[in-house]
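Here are a few notes to go with the structure you asked me to look over. Keep the viewer open while you read.

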Number of protein chains: 2
Amino acid sequence: MAPQLYPRYPPELTQSQSDYLLSNIKDWSIAHGLAVRPSTSFVPGGQDSTGALATTAPVTLFPSLFPRACFVEALSIQTAYNELYAAIAQDERWLQGIVEELLEIDDFIAELWKIHLKVKEEGYVQVCLSVFRRDIAKYDKQQSLGLFRSDYMVHVDPLDTLAMPVIKQVEFNTIASSFGGLSSQVAKLHKYLFSIDAYPSSSTNIIDPSKLPESRSIPSMARGLALAHLAYGSSRAGLPFCVLFVVQEPERNVFDQRHLEYALLSTEGIRSFRLPFHRILSDTRLDKNRTLIYTPPHALEKSYEVTVLYFRAGYSPSEYTNQSDWDGRLHLERSAAIKCPSILTHLAGSKKVQQVLATPHSPHLKRFVPDEHKASRVQQTFAPIYPLDKSQAGNEARKLATDPDTAVRYVLKPQREGGGNNVYRKAIPDFLKAQPESHWPAHILMEMIEPPALTNAIFRNGEVQSGGVIGELGVYGVCLWRNGENGSPGEILQNYEAGYLLRTKGDQSEEGGVAAGFGAVDSCCLVDV
Amino acid sequence: MAPQLYPRYPPELTQSQSDYLLSNIKDWSIAHGLAVRPSTSFVPGGQDSTGALATTAPVTLFPSLFPRACFVEALSIQTAYNELYAAIAQDERWLQGIVEELLEIDDFIAELWKIHLKVKEEGYVQVCLSVFRRDIAKYDKQQSLGLFRSDYMVHVDPLDTLAMPVIKQVEFNTIASSFGGLSSQVAKLHKYLFSIDAYPSSSTNIIDPSKLPESRSIPSMARGLALAHLAYGSSRAGLPFCVLFVVQEPERNVFDQRHLEYALLSTEGIRSFRLPFHRILSDTRLDKNRTLIYTPPHALEKSYEVTVLYFRAGYSPSEYTNQSDWDGRLHLERSAAIKCPSILTHLAGSKKVQQVLATPHSPHLKRFVPDEHKASRVQQTFAPIYPLDKSQAGNEARKLATDPDTAVRYVLKPQREGGGNNVYRKAIPDFLKAQPESHWPAHILMEMIEPPALTNAIFRNGEVQSGGVIGELGVYGVCLWRNGENGSPGEILQNYEAGYLLRTKGDQSEEGGVAAGFGAVDSCCLVDV
């Protein structure tokens, strides 16, 4: 039983109220690009062969309740998290230790690490910032951009009814952090619905514009890309500049990405192109200085110098279908473009890193966040995470995971990125028994977060489903840094919190990911509990 | 053969260029609400029973060429046209003469006229403007709003190759002038496509941002509704105010209307509701002062005082399916709300009025537009229009229409609003012979406008069709006036041009109306010819 925390919510709707609310959601969403391409379960493949149809992105009918103090804390500590992961991404030796434990059991991480080693052997391109030419010696370093998202759930101790709710981190994303384009829009949608009295007046003591925080994710993330673009410095090849969005194709969640592209052009005046992951080698080349040159297929007579590579693809093993995909990733890593993320930043987001940081009494967090107060606040968001290796913590974990009585408080997750394939609670012992013990370290064991009971309704594929839900708060962070040399610390150039996302899913599914069809984008209605 | 006027256009596209252009059109349009609900030919009825799917509104791939002088003239004379139709709508006796000629042959106009007579008998509600209380005697009059659209085609005299192209009016809309919401967006789309080099560089000597006029139709029309809302004055019933959009249901072109609603709320701070035409009597009532009270079905405990009735329905005979629909229209006309349009303004837009004004040597235009220069410019946009009655002009017209040699230069149009059912050129003589001569006066005979040859491509229902097209320029006009008393002239309070629309259709179809699936929304690329 999930603990009770919130007032009764959302209000019941009469048929007329529901009709009014839904017709406004359906129209506002399309008028403002809060949309996705429909799934094949909604529009069968072939019927819309050119991909001209769209539908409302899965959204909640009401903004979900969320404890104000938890919301404020999650946003407040984002810059500390940015700092933490920027530091990890710069500490190659430390990362090497992490990665080497996984080389045998995780091919994907092994291949990514190989790319890093190859580029390291050749030498990463040193960026020359002519805008700071006075300080050229100081600034002659590689730069990296992170558009991060740290995901949390509200946790209420089921054994201590007086405890305040706290946030516990679910995961930290260092690559392809999605929904920043839609989250700005869904917060606006819910505010709009309030403003036109689409929420029954009985609920207006709970829903109130002052309790509906906007999400500045679109302009904030676009600004992040723009800052990296500026930091690239002056042209190396004498060509016009562009930013490349490295994307999957087809992409149902395309409008999420497009909002960032449009903001980048209209607000920052920066051109960008969408480069399908499988076209890296055909549409780009490196010149002798390893400047990345992009030639658009629609304008072969034109060439652009790529300042920033923004990956919305390449994060999942299934995308690498043959050697040329790996060659493409290496090709981009070798280039002088600022990567969002670099291979090391991508690896810093592996679950193994999260586990090492969150292993009880771990010394690592202090290493990367020297400020004790900051580190302590970050530490408090960790749910205890155990390795399943031969260490002392690993031995403890093996006991917890194989005993059905204790396993019910845990979730088993693969080390790899991408979501899915989690094993929950009482299913863990049998799952582990079914495979050789040598494979166990490919997983981590994490204490389950116990979110408070919450109800909402989700509009998806033209249908409304109501019931118990779980909300996951994602906080975006922008961090631009210049790497240190030979392990010495680098310099953070930009570091800010960049808006938020609430993703809400049915509490039965125990899986996340709105694009995969399991949930909805949502915004927060803050409550003081 | 259509006369040649323009340079070779648009450029040919390679497959890659076409892919790039289309993928950007498909994504930008949905991200910015340049959308419609799909037709049942695209998505069969039942598949999307809740109406959650949308698709790109039919649009042209390129902005269509349009002579700059014609464009400037069409926009310049809009205020004169507004003045003309506001004057006609105030001259009940003159309109009576027009309408009486049609009573026997046009049931729809006859019924509208009956509504006017009933309200007149009871007396139109006199609006009291407390904001101008000092001048109460002067301002104690009925007020009307027109959101007009005057439609033109470019005409090139096929017999005089040296003649400059001119604009000729197709029709003047006084009710439910549509596409103002989408036309702002399509002009932005074409500008965006230029800015991302989606048009091949070979065409950039023709396409250029300075030649792509924006259309301010969304804010301008929303401002018109807001000005009428303000002119309504202080509350008569002590209730919060609202504007009502009287709409058809279902409405595929809903986003066009929604853009005006959203602008009205966000820019002007004015609440509006959508009232389906068939729900007039169930959702509104008149109090003893004939103040119109709206009670939303979703919030029966709330009531609003309606300031402005904006009709996006009620213009077509097919919408009046039973007596209660007529009762509903009467009910609204009796109210104190400012109508956009009133019955008289609606009637002023009948083709018979256009015909009477454009009948060669007609005395009527001068009567309504005393300024000779203004009247002359308006006059020049008339294509000669003949009645098919027993007058001298009518006798001439009968000869022209029944002789196959002369009929080829003409189109036969029904007097009624709504488009469709036109008979063209050589089909006219047989069409007339097939019906009794007593029915002939239900039509007018209009000289065909000869548009220059033009090519473009239209994206509709996920498909591209290229070929010869005809563009129709619609210029929006906002006019708010206070009626005179006993036939004396009233006072124009607001009068401005409110943006433009280009509607482009295949030159084979000879039918207009994008919503009906026959064309596309478009914007102008101005050329000096």
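The points below go through the domains of chain A, how they touch, and one histidine.

1. First things first: this is a predicted model. The domain assignment splits chain A in two, with domain 1 made of 15-34 + 53-383 + 449-527 and domain 2 covering 384-448. Colour them separately and you'll see the rest more easily.

2. How far apart are the centres of domain 1 of chain A and domain 2 of chain A? Taken over C-alpha atoms, the separation is 27 Å. Their contact draws 26 residues from domain 1 of chain A and 23 residues from domain 2 of chain A.

3. Interface size is often quoted as the accessible area lost when the parts come together. Here, domain 1 of chain A and domain 2 of chain A bury about 2200 Å² between them, and 52% of that is on carbon and sulfur atoms.

4. Two salt bridges are counted between these two domains of chain A. There are also four residue pairs in polar contact between them, both residues being at pLDDT 80 or more.

5. Now look at the side of domain 1 of chain A that touches domain 2 of chain A. Helix H4 (92-102), strand E6 (166-173) and helix H13 (351-358) of chain A each supply at least two residues to that side. H13(A) gives the most, with five residues. By type, the residues on that side are eleven nonpolar, eight polar and seven charged.

6. Finally, find His229(A) in helix H8 (residues 217-231) of chain A. Is this residue buried or exposed? His229(A) counts as buried because its relative accessibility is 10%, and the cut-off for buried is under 20%. Beyond its neighbours within four places in sequence, His229(A) contacts Phe241(A), Val243(A), Ile270(A), Thr307(A) and Val308(A).

Technical notes:
Residues numbered from 1 in each chain as written. Chains lettered and ligands numbered in written order. Predicted model: local features only at pLDDT ≥ 70, side-chain atom pairs only at ≥ 80, totals over all residues. Heavy atoms only, no water. Helix = DSSP H or I, 4+ residues; strand = E, 2+ residues; numbered from the N terminus. Buried < 20%, exposed > 50% of the residue type's maximum accessible area, 1.4 Å probe, protein only. Contact = heavy atoms within 4.5 Å. Domains from an automatic or database assignment. Buried area = accessible area lost by both parts, 1.4 Å probe. Salt bridge = Lys/Arg side-chain N within 4 Å of Asp/Glu carboxyl O. Polar contact = N/O pair within 3.5 Å; in protein donor to acceptor, adjacent residues only side chain to side chain. Nonpolar A, V, L, I, M, F, W, Y, C, P; charged D, E, K, R; others polar.
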